[in-house]
Structures are given as structure tokens and as C-alpha cells.
Amino acid sequence: MSTPVLTGGCQCGAVRYALDQQPQNVHVCHCRMCQKAVGGPFAIICPVFKTAFRVTRGTISYFHSSDIARRGFCSACGTPLIFEYPDAEDLGVLVGTLDEPDRAPPENQYGNESRVAWYGGLTQVPGDRPTYADNPDMLHRISSSNHQHPDHDTLVWPDPS
């Protein structure tokens, strides 16, 4: 079994995956379908060939968002994981589910007709403070009761023989 280029998974750790190639054409998608699917103003999708994507733990569940596309998610925690046209040779992994999302920077943007009006000003919004910097008790309460799966499993690869 090859060493993965990137790994990732859902929030609870029930589903884990590996990518055996660097994603190509990583893009921000502003379309309404992606907005609804991720519960945010845009999705960031990193396409890889289906042959380079493998689930290493668990099973992906699917919602058919149209007659030609489906979206894969973890049925245990609800984390959106992939976007796929079943007849295509590639699929799109959601960058936020990668263990190292910095390694898949966007190269393009699509669905701009649905882009939220304030998107262009995001870099001007203050954001230099750590999470709950003004409430360390809340940060401690969250971190001490965190159920989120850590990034970077200690993966045990199956014996190829």
C-alpha cells in the first residue's frame, strides 16, 4: 500500500480517508448548493482521481443533491466530506476535512453568481485573537470536553499480502 500524500476525515473520526495524489484545481465554490451542503458561505473543494481516494476507516453515507451529483458525509457526526459526480473520474474532497488543509490552497473560484456580498472584505475583518481569548474559562471547558477526533491518525495499513 502506498504512503498517502494527504489524509483526513470527519469530526468524530468514524470516517477517515487517504489521498494518493496531490489535489488539482483546488477551488472555492460559492454556489447555493455548496453553501447549503457545508452550512457556510462557500465550500473549498480539492479534486482528486477516484483511484487516488480511499476510505481507511468507516463508511461514507451519501445525499443525492441532484440527479447527477451526490455529497458524501459521515452519518455519525454529519461532517460533509466529498462532492461527486458518480460518472466522473474524479471527486472533490472538502478541504476543511484534510488533516493539513494548508497543503491544498485554492487556485480558482466558481459559482460567483451566488457569492455573498461581504466575501471581498473578509481580509479587513478583525481576526488576530485566538479562540475565546477573552474567556479562558470557556476555552478550558471546550478543550477539556472535546469530542473531536484529532488530525493525523496513527494509521495501521492492511498487510498487502
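## The annotated stretch

Residues 6–111 of this predicted model come out as 7% helix and 41% strand. Across that stretch, the C-alpha atoms at the two ends sit 26 Å apart. The range comes from UniProt, where an unreviewed entry lists residues 6–111 as "domain: CENP-V/GFA".

## Strand β2 and its partners

Let's start with β2, which covers residues 16–19. On one side it pairs up with β1 (residues 6–9), antiparallel, through four bridges. Within that pairing, threonine 7 faces alanine 18 of β2. Six residues lie between the two strands of this hairpin, and glycine 13 there has a positive phi near 90°.

β2 also pairs with β5 (residues 53–57), again by four bridges and in the antiparallel sense. Here arginine 16 is set opposite arginine 57 of β5.

What about the two faces of β2? In a regular strand, side chains alternate between the two faces of the sheet. In β2, Arg16 and Ala18 are on one side, with Tyr17 and Leu19 on the other, and all four are buried, leaving both faces covered.

## Threonine 97, a loop residue

Now for a residue outside the strands: threonine 97 belongs to the loop that links β9 (90–94) and β10 (108–110). Is threonine 97 buried or exposed? Its relative accessible area is 7%, so threonine 97 counts as buried, the cut-off being under 20%.

The side chain of threonine 97 makes a polar contact of 2.7 Å with that of tyrosine 17, which is one of the buried residues of β2. Leaving out residues up to four places away in sequence, threonine 97 touches Gly8, Gly9, Tyr17, Thr79, Pro80 and Leu81.

## Nonpolar cores

Nonpolar side chains tend to be buried together in soluble globular proteins. In this model the largest nonpolar core holds 18 residues, and Leu19, Phe53, Leu81, Val93 and Leu98 have the most contacts inside it. At least two residues of this core come from each of β2, β4 (43–49), β8 (80–84) and β9. Another core, of six residues, lies apart from this one, and its members include Cys29, Cys34, Ala43 and Leu94.

Leucine 81 is worth a look of its own. With neighbours within four places in sequence set aside, leucine 81 is in contact with Gly9, Cys10, Val15, Tyr17, Ile60, Gly72, Phe73, Cys74, Gly92, Val93, Leu94 and Thr97. Among those partners, Tyr17 and Thr97 are the pair joined by the 2.7 Å polar contact between their side chains.

Methods. Residues are numbered from 1 along each chain as its sequence is written. This is a predicted model: local features need pLDDT of at least 70, side-chain atom pairs count only at pLDDT 80 or more; totals for chains, interfaces and linings use all residues. Side-chain values use heavy atoms; hydrogens and water are left out. UniProt positions are given in the numbering used here, feature names are shortened, and annotations may be inferred rather than shown by experiment. Buried means under 20% relative accessible area, exposed over 50%, partly exposed in between (1.4 Å probe, protein chains only). Two strands pair if DSSP finds at least two bridges between them. A polar contact is a pair of N or O atoms within 3.5 Å; within protein, one must be able to donate a hydrogen and the other to accept it, and residues adjacent in sequence count only if both atoms are side-chain atoms. Contact means heavy atoms within 4.5 Å. A nonpolar core is a set of buried Ala, Val, Leu, Ile, Met, Phe, Trp, Tyr and Cys residues joined through side-chain atoms within 4.5 Å.
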